[in-house]
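Student: Could we go through this one together, with you explaining the terms as they come up?

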Amino acid sequence: MNKTALLEALSKFIAQRPGLEWGNYGDATLYRSESRSITKDRHHAETLLRYVALRDSITAEDIIKASKESFSGRLTITAEGDGFRLDYCTGQYFPTEYRRAVCAVLASAIWSRIVEDMPPSDGTKVCTSVYGGNTYEVQTYQGVQAGEYIRKQARQELGAPIARRWFN
């Protein structure tokens with residue numbers, strides 16, 4: 001599949017105007033606050049999109065797989081000829097969700113890639129479960145558990161705001 005065509009389709013999707021309706025707010029302060037939040041979602045989506053574009057290891061298939069598993073599978077990606085069609089099934093209010101859906105899908109694809117690229121485990125550490133006192137083994141990577149290793153990589157490569165929001 002053509003990753004470039006998919007990234008172009010995602011870029012067009014996040015670039016579309018949100019279509020906020022003034023009648024849903026009735027107050028300029030609430031309207032502007034929602035608008036700022038939607039703009040922040042766009043900036044996050046663009047950053048994640050650039051990151052994915054620069055990583056040959058993340059393929060179009062990885063993104064499509066992530067779309068089925070992320071954001072309740074509401075962002076559907078369908079191959080059509082040389083391009084892709086994106087459909088979004090709204091949960092509550094399209095303007096506040098569609099860019100977040102793209103962010104969630106791209107973050108999931110990035111998370112999967114970081115997992116595959118993790119260094120070999122440096123051993124195990126026995127932990128006691130908070131629930132019931134059960135013991136289990138936790139793999140560590142460079143001295144931290146897998147999830148924290150992935151979050152650390154995301155902070156380093158994408159910045160703290162995006163890592164906090166999309167990799168927790």
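Tutor: Sure, starting with exposure: buried means under 20% relative accessible area, exposed means over 50%, and partly exposed is in between (1.4 Å probe, protein chains only). This is a predicted model, where local features need pLDDT of at least 70, side-chain atom pairs count only at pLDDT 80 or more, and totals for chains, interfaces and linings use all residues. Residues are numbered from 1 along each chain as its sequence is written, and side-chain values use heavy atoms, with hydrogens and water left out.

Student: What pattern does the protein chain follow along the sequence?
Tutor: Helices (H or I, at least four residues) and strands (E, at least two) are DSSP runs, numbered from the N terminus. The protein chain has six helices and five strands. Along the sequence, they come in the order α-α-α-β-β-α-β-β-β-α-α.

Student: What share of the residues in the protein chain is buried?
Tutor: For scale, the C-alpha atoms fill a box of roughly 55 × 45 × 30 Å along the principal axes. The protein chain has 168 residues, and the buried share of them is 38%.

Student: Is Ser-108 buried or exposed?
Tutor: Ser-108 is found in helix H4, which covers residues 94–117. Its relative accessibility is 19%, so Ser-108 counts as buried.

Student: Which residue has a side chain joined to that of Ser-108 by a polar contact?
Tutor: Take contacts to begin with, meaning heavy atoms within 4.5 Å. Leaving aside neighbours within four places in sequence, Ser-108 is in contact with Ala-66 and Ser-70. A polar contact is stricter: a pair of N or O atoms within 3.5 Å, where within protein one must be able to donate a hydrogen and the other to accept it, and residues adjacent in sequence count only if both atoms are side-chain atoms. At 3.2 Å, the side-chain partner of Ser-108 is Ser-70.

Student: How many salt bridges does the structure hold?
Tutor: The criterion is a side-chain nitrogen of Lys or Arg within 4 Å of a carboxyl oxygen of Asp or Glu. By that criterion, the number of salt bridges is ten.

Student: How many residues apart are Arg-165 and Asp-41?
Tutor: Their side chains meet in a salt bridge at 2.7 Å, N to O. The pair links distant parts of the chain, with Arg-165 in helix H6 (residues 160–166) and Asp-41 in helix H2 (residues 28–53), and the separation is 124 residues.

Student: Why does Asp-41 count as buried?
Tutor: Its partner Arg-165 has 31% relative accessibility and therefore counts as partly exposed. Asp-41 counts as buried because its relative accessibility is 1%.

Student: Where does Arg-74 sit, given that its side chain meets that of Glu-97 in a salt bridge?
Tutor: That salt bridge is 3.3 Å, N to O. The pair links distant parts of the chain, 23 residues apart: Glu-97 is in helix H4, while Arg-74 is in the loop between helix H3 (60–69) and strand E1 (75–80).

Student: What is the relative accessibility of Glu-97?
Tutor: Arg-74 is partly exposed, with a relative accessible area of 23%. Glu-97 counts as buried because its relative accessibility is 8%.

Student: What is the relative accessible area of Arg-155?
Tutor: The side chains of Arg-155 and Glu-148 meet in a salt bridge of 3.0 Å, N to O. Glu-148 is partly exposed, at 34%. Arg-155 is partly exposed too, and its relative accessible area is 38%.

Student: Which residues do salt bridges that share partners join into one network?
Tutor: Back to the pair Arg-165 and Asp-41, whose side chains meet in a salt bridge. The network joined through shared partners consists of Asp-41, Arg-100 and Arg-165.
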